[in-house]
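Here's a set of exercises to work through with the model open on your screen. Try each task yourself before you read the solution.

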Amino acid sequence: MKDPSFFELDTPTLIVDLDRMERNLKSMQEKACLAGVRLRPHTKTHRTPAIAKMQLAMGASGITVAKLGEAEIMASEGLDDILIANEIVGPIKLERLRTLARRVGRLAVGVDHPFHVQALSGVMAAEPRPLDIMIDVETGDPRTGIHPGKPTVELARLVDKAPGLRLRGIYTHDGQSYDAETLDEVRAINRQSQGLMLETADLMRSSGLAAEEISIGSTPSLLLDGIEPGITEIRPGTYVFLDADQAQLLGTYAFCAQTVLATVISRPTPERVVLDAGTKALTYYVQDKGVTRSTGHGRLKAHPDIFLDKMSDEHSSFDIPEGSGLEFPIGRKLEVIPNHACPTTNLYDVIYGVRSGSVETVWPVLCRGKSQ
Ligand SMILES: Cc1ncc(COP(=O)(O)O)c(C=O)c1O
């Protein structure tokens, strides 16, 4: 069979299958619309303003970012409704945030401690418009986030009283869904996380505090399970590309939209195939447990049961399965589905968007490296 024409690109290079990506975007948007919630996609997965604009064009209400640097780039590209779902700490960043708040139509930022409330109020008090605050609530993923219930209400009260700040609502990321051992466990995590958020929002309201936005989401939960009435917003990120780890959960690689095109550069033994894509092209990311558990360091798109079992900075390799009759001569190009899409994107200056075998578009990954 003839190779598609995008195989003429030099390697390693980042490819997105546009049909697959559009299908992924559309189905999450439909899910949000059916549940009557806003979709605020987390753009950490693609770090690409052009894709963020596609998400908005399909119906997303705004975007989520993890970093101030991403928010600044997205804002300069015209994205005007941004949630920084993270804690912003330190005088340099607070000053940048103040400047950003002046030029973005709708900006919100996360807090999970009185420290953040005090610091943010300190820089925002004299500003013409208050900054929206979303309280980061921990519903089972031991990362950032204040405990749900009373601790959240107490923090919300502080925000409510703080000059320069406006309480918008609460958000959580049930990242523990990645580690669940069964699909039923993913669903249970989703329900429990949403239940805690809804109870906390009720408690806030009965204490006279606003909870206009109740924002949830992780891709595993949203792929497998529903959205409870009362939730107002979902923030999936990885759903745009759906990597090899998400494919374990789905039981199919048919939705994986992101690949790295690599070249076979050596065949040192009859079975070993060495590619020019190592940790600097695919990352070393391995999810070590749960329904999204990785095996190896990425899968061949054309033969997904073959995974890269060895990797160093500039190389990766696999052995041709005995008796398969497959051939991978030196010079052959192969698409590899990365284990984890988000850090892989961050390794590339551009994404080649391909359809029916040809390059249709080239997007600069403008937020690449904007981790400050
Ligand atoms: C705060 C927050 N919201 C949403 C997401 C999106 O999660 P996922 O990529 O599983 O959809 C993340 C991912 O890390 C996150 O940290």
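**Exercise 1. Lay out the sheet.** Work out the order of the eight strands in the open sheet, and find which strands sit at the edges.

Solution. Step one: walking across the open sheet, the eight strands come in the order 2-9-8-7-6-5-4-3, and the pairing is parallel. Step two: look for strands that pair on one side only, and you land on strand 2 and strand 3 (63-65) as the edge strands. Here, two strands pair if DSSP finds at least two bridges between them. Strands are DSSP runs of E, at least two residues long, while helices are runs of H or I with at least four, and both are numbered from the N terminus.

A word on the ground rules: this is a predicted model, so local features need pLDDT of at least 70 and side-chain atom pairs count only at pLDDT 80 or more, while totals for chains, interfaces and linings use all residues. Residues are numbered from 1 along each chain as its sequence is written, and side-chain values use heavy atoms, leaving out hydrogens and water.

**Exercise 2. Follow strand 5 and its neighbours.** Which strands does strand 5 pair with, and how many bridges join them?

Solution. Start with strand 4 (residues 81-87): five bridges join strand 4 to strand 5, and the two run parallel. As an example, Glu87 has Gly110 of strand 5 as its bridge partner. Now go to strand 6 (residues 131-136), which is parallel to strand 5 and joined to it by four bridges. There, Val111 stands opposite Ile135 of strand 6. One step further along, strand 6 pairs with strand 7 (residues 165-171) in the parallel sense over six bridges, and Ile133 has Leu167 of strand 7 as its bridge partner.

Next, trace the connections. Strand 4, helix 4 (residues 91-103) and strand 5 make a right-handed β-α-β unit. Strand 5, helix 5 (residues 114-124) and strand 6 make a right-handed β-α-β unit too. Right-handed means that, with the strands pointing away from you, the path from the first strand over the helix to the second runs clockwise.

Last step: is strand 5 enclosed or open? Five of the six residues of strand 5 (residues 106-111) are buried, so the strand is largely enclosed by the rest of the structure. Buried means under 20% relative accessible area, exposed means over 50%, and partly exposed is in between (1.4 Å probe, protein chains only).

**Exercise 3. Check the cysteines.** How many disulfides does a search of the whole structure find?

Solution. The search comes back with zero disulfides, where a disulfide is a pair of cysteine sulfur atoms within 2.5 Å. Take Cys256: the nearest cysteine sulfur belongs to Cys342, and that's 13 Å away. Cys256 is buried because its relative accessibility is 2%. Cys33, at 53%, counts as exposed.

**Exercise 4. Find the aromatic pairs.** How many aromatic pairs are there?

Solution. The count is two. The rule: rings of Phe, Tyr and Trp (its six-membered ring) pair if their centres lie within 6.5 Å, with planes under 30 degrees apart called stacked, over 60 edge-to-face, and the rest tilted. Phe6 and Phe7 make an edge-to-face pair, 5.0 Å centre to centre with 70° between the planes. Phe6 is buried at 5% relative accessible area, and Phe7 counts as buried at 11%.

Phe318 and Phe328 have ring centres 5.2 Å apart and planes at 85°, so this pair is edge-to-face. Phe318 lies in strand 14 (residues 316-319) and Phe328 in the loop between strand 14 and strand 15 (333-337), so the pair ties together parts that are ten residues apart in sequence. Both Phe318 and Phe328 are buried.

**Exercise 5. Spot the unusual backbone.** Where is the cis peptide bond that involves Pro12, and what is the phi of Arg47?

Solution. Most residues other than glycine have a negative phi, and most peptide bonds are trans. The cis bond joins Thr11 and Pro12, with omega about -10°. Pro12 sits in the segment before strand 1 (13-17). As for Arg47, phi is near 50°, a positive value; Arg47 is in the loop between strand 2 (38-39) and helix 2 (49-57), and it counts as buried at 8% relative accessibility.
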